[in-house]
Amino acid sequence: PSPCQLQSLLQCSPSGLFESVQCDSSRGQCWCVDKDGMELYGTRQTGRPRRCPGSCEVRSRRLLHASASSPPQCAADGSFLPVQCKFINTTDRTELDLLHAFSRSPQAFETFSSFRRFFPLVSSYCFCSDSRGRELEGTGVELLMSEVYDSAFSGLGSARSFSQTNVYRVLQRRMLGVRLALTGHFRCPSPCEEERRAAMESSSVFVPFCEAGGSFRSKQCQQGAQCWCVDPTGREIPGTRQLGDSLVCGSGLADCPTQRRLALSQLFSGPIHPPAEFSSGASPASCLSLLRPLRDLVSVDEGPAFLYQLIEVLHGLFPSVSRALEALTRSTPRRLQENLFGGKFLKNAADFNFNGVVGTRGVLGLDQLSSQSISLQKNRDLVQAVSRALEDPAFLSAFQQTLMSVSSAPSGSLQQVLTRVLSSCPEKEDDSAAFFIPRCTSSGRFQQVQCRDAECWCVDSQGQEVPGSRTAARPPRCPSRCERERATAMKMKSNMAAGAEIHVPACSEEGDFLPLQCVGPRCFCVDAEGRMMAAGSTEGAVTCPDNKTQKLQSSAGRCSKALAEVTSFRQEVESIIILSNSSQFPVGYGFLLAEGLSLTPEELQMSQSEEELKVSERLLSRSKSALRLAAFSSELETSCRNEPVDDFNLNV
């Protein structure tokens with residue numbers, strides 16, 4: 001049980017957490033609480049609060065009555081901004097009272113030149129923070145203020161807090177620029193990445209898995225033990241925990257129906273987007289329109305991957321679509337990055353030249369930067385490519401046109417908007433046939449065998465290819481249930497104490513459960529599905545009956561099996577010829593079958609008979625050449641009847 005469930009005074013959510021709003025019906029009062037159930041200062045009122053303050057707002061309120069000098073920088077929703085900054089006096093290393101300094105002289109924070117006039121001996125110290133505003137280990141850096149230029153964006157609008165000033169935004173970008181050079185990411189560590197780092201340092205039993213963008217993977221597993229689904233914040237979804245790796249969590253990359261719909265939309269219609277998000281007068285945004293200008297910056301193969309990294313940088317540079325459009329309008333391509341970073345900071349960062357920019361305080365001092373520059377060539381190339389892209393007129397023009405096509409979300413997140421554009425990126429820019437259309441079960445899981453063209457391979461429950469399973473001309477033999485359970489049990493046993501015993505299934509060469517199974521000295525019989533039939537004792541031998549499926553398989557000779565395959569194929573050929581002459585099939589559906597793609601009745605927008613579905617499904621288990629032969633040759637039936645079986649290439 002959770003801490004909330006162990007008490008009876010406060011209300012809990014279905015997931016076991018404290019409800020954000022708690023009420024006392026006898027007094028008619030309500031108040032907000034934090035994650036630990038503690039009442040938030042200043043939130044108690046008559047009736048239910050419309051909105052609870054975020055953790056950063058609560059910290060700011062408390063600082064008004066305390067002696068702390070640096071209020072935190074808060075986001076619009078009240079949470080802590082990922083990058084926090086404070087100011088240090090370079091003479092005695094004392095902290096500048098930012099709260100009173102901004103209140104007394106807000107004009108000092110409009111430009112860097114005005115800041116230096118008010119505070120000539122002050123530098124900044126910026127770091128990444130967690131959800132509670134605490135500094136993350138290994139992220140702090142001292143940024144000097146002496147050589148920062150005033151930009152075209154200085155003094156735009158009135159700022160109500162330091163985090164809304166151009167001074168803060170330039171410092172934030174510089175700090176993230178240092179992280180780009182050191183880590184290859186223009187962002188702070190995500191909660192998942194920070195939890196993973198801490199777990200690995202402490203040799204924890206559970207180490208969370210993170211996606212490439214830093215989010216929690218929808219399925220989390222303890223090595224060799226249980227797996228469970230989590231929400232975007234990493235919290236376990238109640239009722240999803242189970243033993244083994246067969247769990248399927250229906251969000252993210254492991255969602256088969258979502259992947260299939262996206263791939264079909266790319267195949268039939270090209271890049272698509274929700275119609276409400278694009279104005280009728282603008283052409284829909286395209287991934288290729290952003291990729292083409294990057295050809296001169298990176299190789300063709302690296303284009304899509306680099307575009308993803310570039311989108312991360314753009315998201316860190318601009319808080320919203322409207323801010324990005326404003327920056328692109330107010331600055332020329334040649335001066336854009338200088339206006340964003342207050343000088344040629346990014347170009348110098350590509351050469352690890354931080355002289356006069358980074359001070360000695362913090363874990364990212366000049367000594368560490370210069371000593372690591374030799375081993376960070378890959379990040380150096382990335383920073384150089386990003387710097388060139390941010391001054392390339394063709395890319396910036398395509399980027400601006402993409403943002404202008406968005407009509408209903410000018411204040412929306414730049415990353416959310418551009419992620420939809422990236423979803424239309426093909427694996428190869430000039431090969432539409434390279435689209436992979438995953439095949440899903442009726443329950444939304446990935447089918448165990450996936451095919452494209454003449455190749456097939458096995459996948460796991462997350463749709464990831466099983467190494468070494470790819471074959472041509474015939475479907476591969478995927479790991480059976482017995483083999484999967486055996487592999488899971490072996491992983492579990494490797495993490496158990498010496499001498500501990502668990503059941504490790506014994507499988508035949510064909511992947512079936514052997515009739516006799518043992519756990520240490522105790523043996524028992526199982527049926528073909530691995531279910532226990534009779535328990536044995538530790539004394540004497542246990543005799544088990546042979547499984548019927550194994551007897552039938554062993555009794556069939558190679559000749560009989562080949563004849564059965566030939567007969568089955570001939571029947572399927574005759575069926576497809578009959579169905580191909582029917583007007584019920586839409587134009588082009590035979591081609592889709594030849595390409596190894598079977599559409600559901602919903603995707604076809606018409607009903608299909610059970611016979612049509614069965615023929616389509618069976619044909620997809622054959623090679624590409626056999627499909628084309630069956631789908632397009634009207635003389636195949638005569639050939640099948642006249643040609644000897646040994647001379648006819650059936651490709652089955």
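pLDDT is the predictor's confidence in each residue, from 0 to 100. The chain averages a pLDDT of 76 in this predicted model, and 73% of the residues score at least 70. The points below cover two open sheets, three helix pairs around α8, α13, α4 and α15, and two stretches of low confidence.

**Confidence**

- Residues 549-555 have a pLDDT that stays under 50; the model gives this stretch eight contacts beyond four places in sequence.
- Residues 622-652 also stay under 50 in pLDDT, and here the model has 55 contacts beyond four places in sequence.
- Where pLDDT is low, the predicted coordinates should not be read in detail.

**Sheet β4-β5-β6**

- Strands β4, β5 and β6 form an open sheet in that order, with antiparallel pairing.
- The edges of this sheet are β4 (83-89) and β6 (141-143), each of which pairs on one side only.
- On average, and with direction ignored, neighbouring strands of the sheet are turned by 30 degrees against each other.
- β4 is joined to β5 (residues 122-128) by seven bridges, and the two strands run antiparallel.
- F87 has S124 in β5 as its bridge partner.
- Helix α4 (residues 166-183) packs on this sheet and touches β4, β5 and β6. The direction of α4 makes about 105 degrees with that of β4.

**Sheet β10-β11-β12**

- Strands of a sheet pair through backbone hydrogen bonds, either parallel or antiparallel.
- This open sheet has three strands in the order β10-β11-β12, and the pairing is antiparallel.
- β10 (449-452) and β12 (471-472) are the edge strands, each pairing on one side only.
- Four bridges connect the antiparallel strands β10 and β11, and V449 has C458 of β11 as its bridge partner.
- A hairpin is formed by β10 and β11, with two residues between them. In the turn, D453 has a positive phi of about 55 degrees.
- β11 (residues 455-458) pairs with β12 over two bridges, in the antiparallel sense.
- In this pairing, E455 has A472 of β12 as its bridge partner, while C456 stands opposite T471 in β12.

**Helix α8 with α15**

- Two packed helices are described by the angle between their axes and the distance between the axes.
- Helix α8 (residues 303-317) packs against helix α15 (residues 414-422) at an angle of about 165 degrees, and their axes are 9 Å apart.
- Angles over 145 degrees count as roughly antiparallel, so α8 is roughly antiparallel to α15.
- The crossing of these two helices, α8 and α15, is right-handed.
- On the α8 side the contact is made by L307, Y308, I311, L314 and H315; on the α15 side it is made by L414, Q415, L418 and L422.
- By class, the contact of α8 with α15 holds seven nonpolar residues, two polar ones and no charged ones.

**Helix α8 with α13**

- The axes of α8 and helix α13 (residues 377-389) come within 11 Å and cross at roughly 70 degrees.
- Angles of 65 to 115 degrees count as roughly perpendicular, and α8 and α13 are therefore roughly perpendicular to each other.
- F306, Q309, L310 and V313 of α8 make the contact with L382, A385, V386 and A389 of α13.
- This contact of α8 with α13 has seven nonpolar residues, one polar residue and no charged residues.

**Helix α4 with α13**

- α4 and α13 pack with their axes 7 Å apart, at an angle of about 135 degrees.
- That angle makes α4 oblique to α13.
- L180, A181, L182 and T183 of α4 meet N379, L382 and V383 of α13.
- The contact of α4 with α13 divides into five nonpolar, two polar and no charged residues.
- L382 of α13 appears both in the contact with α8 and in the contact with α4.

Note on methods: Residues are numbered from 1 along each chain as its sequence is written. This is a predicted model: local features need pLDDT of at least 70, side-chain atom pairs count only at pLDDT 80 or more; totals for chains, interfaces and linings use all residues. Side-chain values use heavy atoms; hydrogens and water are left out. Two strands pair if DSSP finds at least two bridges between them. Axes are lines fitted to C-alpha atoms, for helices over the stretch in contact, and angles run from 0 to 180 degrees between N-to-C directions. Angles under 35 degrees count as roughly parallel, over 145 as roughly antiparallel, 65 to 115 as roughly perpendicular and the rest as oblique. A crossing is left-handed if the near helix is turned anticlockwise from the far one by less than a right angle, and right-handed if clockwise. Contact means heavy atoms within 4.5 Å. Ala, Val, Leu, Ile, Met, Phe, Trp, Tyr, Cys and Pro count as nonpolar, Asp, Glu, Lys and Arg as charged, and the others, Gly among them, as polar.
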